[in-house]
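Subject: Handover of a structure and findings

Dear colleague,

Please find the structure below, together with its sequence. I would be grateful if you kept it open while reading the notes that follow.

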Amino acid sequence: MEFNPMVTIIVPVYNSEQYLPICVESILKQTFKDFELLLVDDGSTDRSGDLCETYAKQDKRIRTYHKKNGGVSSARNLGIRESAGKWLLFVDCDDWLDKMFLENYFLLEPHLETLYIQQAYRYNNGAIAYWPIRFNNDEIILDDVSDYEILNVILYYGTPWGKLYSAEIIRKNNLLFDERLELHEDHCFYFEYVKFIKSVVIIADTGYYYRLNCGTSLSSKRVPWQNLLLAYNKLRKELLLISKLFHLDEMKLKLIYSFVFYIKIRALKAVFYDKNEKRDRIKLLKEISTREVECYYHPISRSAKLFKSILLMDSTFLKYCLLSCFSAKLR
């Protein structure tokens, strides 16, 4: 008999045998039971694939897929294509859920054109803190949002996890993760999705536990500058569409673009960190104007402030020489 679950939970799995049981068990303990769980093994070289098969034999709601390693985006995309649920959820294989996580969404009787976001917590070596901020229950109408809401909710919580997505919106608009990107693919997907909704509902209770520093995180991964620049260009394009759709004023647009601009800064740092051609370094330097740096780059650390002071110089040649000499100290 065909199974038509209310929710499809997609978990990309890669070399996570240490944490995968915690993740899967937290899903199976959900008080809301009407779901299917898709475990997508992305070419793991440890016992993760075997664990996926073991769980699939134990619970008929679990389906396992094995594929050649292609990255987290390709794993999530396979899950999207194979999903049968009316709603979609993404969970990373080293994270876990509170037992009420699913039920909290459906107590609200979710609507198609609303994105539901639930409180997340950052877990770091035993310490738990709110991530990215502590939420209050709220509903945000996207054509009338405050700067604070855009900066702290719509943007910085741009991860795919911790949210309830409409499968209809995703399928109808062929929304997939960009498999070319090694970083910020989640923000690109998020920016594309919000174009098709009208509101965001924030749920402050219980939530999603995000494991930091587990060894599989992409946050510290060194990404080629070309890949970062591709992400920047794509996000900038999506931002222009969003600004027109939601009638964002100049101040709100500036707040969001500041976040996007940091990706371009990271690309610039990357082109100097590694062995790249002089012409590539100078070309990217010329693409970053002093006006952009002054308006959108607001560093906190001493080294980043020094980096900014160099970028504000008038001479491209001088900037090139200084960044070439001191790039290792400006990380």
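**Strand E10 and its partners**

Ile141 has Ser199 of E10 as its bridge partner. Please bear in mind throughout that the model is a predicted one.

Ile141 is a useful place to begin, since strand E8 (residues 138-141) pairs with E10 in the antiparallel sense, over 4 bridges. Ser199 also serves as the bridge partner of Thr114. The pairing of E6 with E10 is parallel and extends over 9 bridges. Strand E5 is joined to E10 as well: the two run antiparallel, with 2 bridges between them. Here Leu97 stands opposite Tyr208 of E10.

How many residues of E10 are buried? Strand E10 (residues 199-211) has 11 of its 13 residues buried, and is thus described as mostly covered.

**Helices H7 and H8**

Helix H7 covers residues 185-194 and helix H8 residues 225-245; their axes come within 10 Å and cross at roughly 15°. Because of that angle, H7 is roughly parallel to H8; angles under 35 degrees count as such. The crossing of these two helices is left-handed.

Which residues make the contact? On the H7 side they are His187, Cys188, Phe191, Glu192 and Val194. On the H8 side they are Ala231, Lys234, Leu235, Glu238, Leu239 and Ile242. By character, the residues of this contact divide into 7 nonpolar, 1 polar and 3 charged. When you trace them on the model, it helps to recall that an α-helix has 3.6 residues a turn, so residues three or four places apart point the same way.

**Helix H1 and what covers it**

In helix H1 (residues 20-28), the buried residues are Leu20, Cys23, Val24, Ser26, Ile27 and Leu28. What lies over these buried residues includes four strands and a helix, namely strand E1 (7-13), strand E2 (35-42), strand E3 (62-67), strand E5 (96-97) and helix H2 (48-58).

**Leu107**

Finally, I draw your attention to one residue in a loop. Leu107 is found between helix H4 (101-106) and strand E6 (114-124). Is Leu107 buried or exposed? Its relative accessible area is 57%, and Leu107 is therefore exposed, as the cut-off for that class is over 50%. Leu107 and Phe32 are 75 residues apart along the chain, and their C-alpha atoms are separated by 10.0 Å.

Yours sincerely

How values were computed
Residues are numbered from 1 along each chain as its sequence is written. This is a predicted model: local features need pLDDT of at least 70, side-chain atom pairs count only at pLDDT 80 or more; totals for chains, interfaces and linings use all residues. Side-chain values use heavy atoms; hydrogens and water are left out. Axes are lines fitted to C-alpha atoms, for helices over the stretch in contact, and angles run from 0 to 180 degrees between N-to-C directions. Angles under 35 degrees count as roughly parallel, over 145 as roughly antiparallel, 65 to 115 as roughly perpendicular and the rest as oblique. A crossing is left-handed if the near helix is turned anticlockwise from the far one by less than a right angle, and right-handed if clockwise. Contact means heavy atoms within 4.5 Å. Ala, Val, Leu, Ile, Met, Phe, Trp, Tyr, Cys and Pro count as nonpolar, Asp, Glu, Lys and Arg as charged, and the others, Gly among them, as polar. Buried means under 20% relative accessible area, exposed over 50%, partly exposed in between (1.4 Å probe, protein chains only). Two strands pair if DSSP finds at least two bridges between them.
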